[in-house]
Amino acid sequence: MPELPEVEVTRRSFSGRISGAAVLGAALGKPLRWPLGCEPGSLAGRRVADVERRGKYLLLHMDQGLLLLHLGMSGSLSFSTELPAMGPHDHFDLHTDRGHLRLHDPRRFGAVVWAPDHGAPVLHKLLGHLGMEPLSPAFSLARFAAGLKASRSSIKQLLLSGRLVVGVGNIYASEALFRAGIRPTALAHRIGPVRVARLHAAIGAVLEQAVSLGGSTLRDFQSADGSAGHFQLSANVYGRAGAPCHTCSAPIKMLRQGQRSSFYCPVCQRS
Ligand SMILES: [Zn+2]
């Protein structure tokens, strides 16, 4: 499943090329998770301003209105000056004078949704509940610490929920907690200020690293497909149950939290 870093890498791979493009038309394949919300042909004549990312949504701002794109479980975007005809798993094309943006999504949990303006209810519905953006200045230590204090969850589940900060999926939460020396089961409100600060820094660092590793392959992208970035992040704990900790050699442990696997070092993450 594309995570925040892949979505960011995807954004960077085509944002510069599509900004300023005039939309010539659009085409739909099979239904996606949510309806487009307008006639595809009505997008013709608009101009793309820029591409923003919010959580795992890409926002294609137009001179009027915007398109929200989500890659779902299996989606990928390509942006190319030449595209073959739509295949059975291609479900959205945006044709512009600079190239064609295509959503390929075999499982169709992705979505492309039109919002006629920034006050459109659909934006509030899809983006309104999202937590802080971890790669932006809005992700302040003070707000992060306050969010932990107010929570009754374990820190791992609070991070995965996306309510406080978005985009910290299982692998990134596991790695950030390892770097901060915090056990995944620790109650968020009981973590002291020094470790909270360490975790805040670790979340930013882990995600930045994942983006830059994905970004390092960016020059090879023929398309805007972000799938190459994800697993280049070399894990300290994630997926390493039983293997020796890179820091202390103790075997990495795994436990179930909610429906998810958590990995941690019992020595480096004592509490
Ligand atoms: Zn260790």
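A residue counts as buried when its relative accessible area is under 20%, as exposed when that value is over 50%, and as partly exposed in between. The model discussed here is a predicted one, and this cut-off can be applied at once to its metal site. Cys245 has a relative accessibility of 4% and therefore counts as buried, whereas Cys248, at 30%, counts as partly exposed.

Both of these cysteines bind the zinc ion, whose protein donors are the SG atoms of Cys245, Cys248, Cys265 and Cys268, at 2.2 to 2.4 Å from the metal. Along the chain these donor residues follow the spacing C-x2-C-x16-C-x2-C. The angles that the four donor atoms subtend around the zinc ion run from 98 to 114 degrees, and the arrangement is therefore tetrahedral. For comparison, the ideal angle for four tetrahedral donors is 109.5 degrees.

The aromatic side chains offer a second route through the model, which holds three aromatic pairs. In one of them, Phe139 and Phe144 have ring centres 5.5 Å apart and planes at 70 degrees, so the pair is edge-to-face; both Phe139 and Phe144 are buried. Tyr238 and Phe263 form another edge-to-face pair, with 5.4 Å from centre to centre and 70 degrees between the planes. Because Tyr238 lies in the loop between helix H6 (193-216) and strand S9 (253-257), while Phe263 belongs to strand S10 (residues 260-264), this pair ties together parts that are 25 residues apart in sequence. Tyr238 counts as partly exposed, with a relative accessibility of 29%, but Phe263, at 8%, counts as buried.

Phe144 also leads to helix H3, which spans residues 141-149 and has Phe144, Gly147 and Leu148 as its buried residues. Viewed down the axis of H3, these buried residues fall within an arc of 100 degrees, so they line one face of the helix. The general reason is that an α-helix has 3.6 residues a turn, so residues three or four places apart point the same way. On the other side of H3, Ala142 and Lys149 are exposed.

What does Leu164 contact, once its neighbours within four places in sequence are left aside? The contacts of Leu164 include the H3 residues Phe144, Gly147 and Leu148, and they also take in Gly131, Met132, Arg143 and Leu158. Leu164 itself lies in the loop between helix H4 (155-161) and helix H5 (170-180), and with a relative accessible area of 14% it is buried. Leu164 and Arg143 are 21 residues apart along the chain, and their C-alpha atoms are separated by 8.8 Å.

How values were computed: Residues are numbered from 1 along each chain as its sequence is written. This is a predicted model: local features need pLDDT of at least 70, side-chain atom pairs count only at pLDDT 80 or more; totals for chains, interfaces and linings use all residues. Side-chain values use heavy atoms; hydrogens and water are left out. Buried means under 20% relative accessible area, exposed over 50%, partly exposed in between (1.4 Å probe, protein chains only). Helices (H or I, at least four residues) and strands (E, at least two) are DSSP runs, numbered from the N terminus. The arc is that of the directions from the helix axis to the C-beta atoms. Donors are N, O and S atoms within 2.8 Å of the metal (3.2 Å for Na, K and Ca); water is not among the atoms, so sites may look incomplete. Four donors count as tetrahedral if all angles lie between 85 and 135 degrees; four count as square planar and six as octahedral if opposite donors are over 155 degrees apart and all others between 65 and 115; anything else is irregular. Rings of Phe, Tyr and Trp (its six-membered ring) pair if their centres lie within 6.5 Å; planes under 30 degrees apart count as stacked, over 60 as edge-to-face and the rest as tilted. Contact means heavy atoms within 4.5 Å.
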